Amino acid sequence: MTTEPQAWIGCLAAYNSGHLHGEWVDLDCEVALDEACKKILATSPVDDAEELWVMDHEGLPISRECSPAEALRLGLIVHAFEGRGFDLEIVTFAMDQIQSDGLAELLEYVDNNYLGHFEDAESMAYDHCESMGWEAPAWAIHFIDYKAMGEALLQDYSHVELNSGGIAVFYNQ
């Protein structure tokens, strides 16, 4: 679905001394992260190694550096969403909409506001009509512009384009 959440965690003392020392760590287990952090500090080329920092990452819903603890928390959120079939863009969208990165709040927002994943606005409009029980007579099918209807419907909803293709549609808050 998306890139596995992982972070390049580096020793700040080494970095400040002109050495790039660290490693890529998967963000799916607190114990594994703790072990990796201890290893990075223990093998640091400088004596006063005590602080670590995420200098790069993949698969997280942020575009900045952060602490290893924050990276793990966000990685676990991404894993929780992926376990429910949601792409990273949905996590990012939900975080922006509710201005929170708490797992419970994000899941509640998505549970209450997510309408679905659609190929495009046209397929959303067709699905919308079907879900209301409306079926166009066979003779009228060729006269219905589902694409225009979908674009009009998207004015009443929030949506995000997914890197995997299609759009995810949400009720406006």
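What follows is a walk through a predicted model, taking its two sheets, the helices against them, the nonpolar cores and a few single residues in turn.

The walk starts with an open sheet of three strands in the order β2-β1-β3, paired antiparallel. Its edges are formed by β2 (22–26) and β3, each of which pairs on one side only. On average, neighbouring strands of this sheet are turned by 30 degrees against each other, direction ignored. β1 and β3 run antiparallel and are joined by six bridges. To find this pairing by eye, look at W8, which stands opposite D56 in β3. Helix α2 packs on the sheet and touches β1, β2 and β3. The direction of α2 makes about 175 degrees with that of β2. Another helix, α3, lies across β1 and β3 and runs at about 35 degrees to β3.

The second sheet is also open, with three strands in the order β4-β6-β5 and antiparallel pairing. Here the edge strands are β4 (114–118) and β5 (157–161), each pairing on one side only. Neighbouring strands are turned by 20 degrees against each other on average, again with direction ignored. Five bridges connect β5 to β6, and the two run antiparallel. One position to look for is H159, whose bridge partner in β6 is V169. Helix α5 packs on this sheet, where it touches β4 and β6, and its direction makes about 90 degrees with that of β6. Helix α6 (residues 121–131) lies across β4, β5 and β6, at about 125 degrees to β4.

Strand β5 holds Y157. Is this side chain buried or exposed? Y157 counts as buried because its relative accessibility is 17%, and the limit for that class is under 20%. Leaving out residues up to four places away in sequence, Y157 touches L115, M124, H128, V169, F170, Y171 and N172. The C-alpha atoms of Y157 and D34 are separated by 42 Å, and the two residues are 123 apart along the chain.

Next come helices α3 and α4. Their axes come within 9 Å and cross at roughly 115 degrees, and the crossing is right-handed. From α3, the residues L74, I77, V78 and F81 meet L88, I90, V91 and M95 of α4. The buried residues in α4 are L88, E89, I90, V91, F93, A94 and M95. What covers them includes α3, α5, β4, β5 and β6.

Several of these elements contribute to the largest nonpolar core, which has 37 residues. Within this core, the residues with the most contacts are I9, C11, F81, I90, V110 and F170. Two or more core residues come from each of β1 (6–11), α1 (12–16), α2 (30–42), β3 (52–58), α3 (68–83), α4 (88–98), α5 (103–113) and β6 (167–171). Another core, of 12 residues, lies apart from the largest one and includes F118, A121, L153 and L154. Such grouping fits a general tendency: in soluble globular proteins, nonpolar side chains tend to be buried together. Within the largest core, V110 can serve as a point of reference. Its neighbours within four places in sequence aside, V110 is in contact with F81, F86, I90, A94 and F170.

After α4 comes Q99, in the loop between α4 and α5. Which sign does phi have at Q99? Phi is positive at Q99, about 50 degrees, although the residue is not a glycine. Most residues other than glycine have a negative phi. Q99 is classed as exposed because its relative accessible area is 67%, and the limit for that class is over 50%.

The cysteines come last. How many disulfides does the model contain? The count is zero, where a disulfide requires two cysteine sulfur atoms within 2.5 Å. Take C29: the closest cysteine sulfur belongs to C37 and is 12 Å away, so the pair is too far apart for a bond. C29 is partly exposed, with 32% relative accessibility. C129, in contrast, is buried, and its relative accessible area is 7%.

Definitions and conventions. Residues numbered from 1 in each chain as written. Predicted model: local features only at pLDDT ≥ 70, side-chain atom pairs only at ≥ 80, totals over all residues. Heavy atoms only, no water. Core = buried A, V, L, I, M, F, W, Y, C linked by side-chain atoms within 4.5 Å. Buried < 20%, exposed > 50% of the residue type's maximum accessible area, 1.4 Å probe, protein only. Helix = DSSP H or I, 4+ residues; strand = E, 2+ residues; numbered from the N terminus. Contact = heavy atoms within 4.5 Å. Pairing = 2+ DSSP bridges. Axes fitted to C-alpha atoms, helices over the stretch in contact; angles between N-to-C directions. Left-handed = near helix turned anticlockwise from the far one by under 90°.
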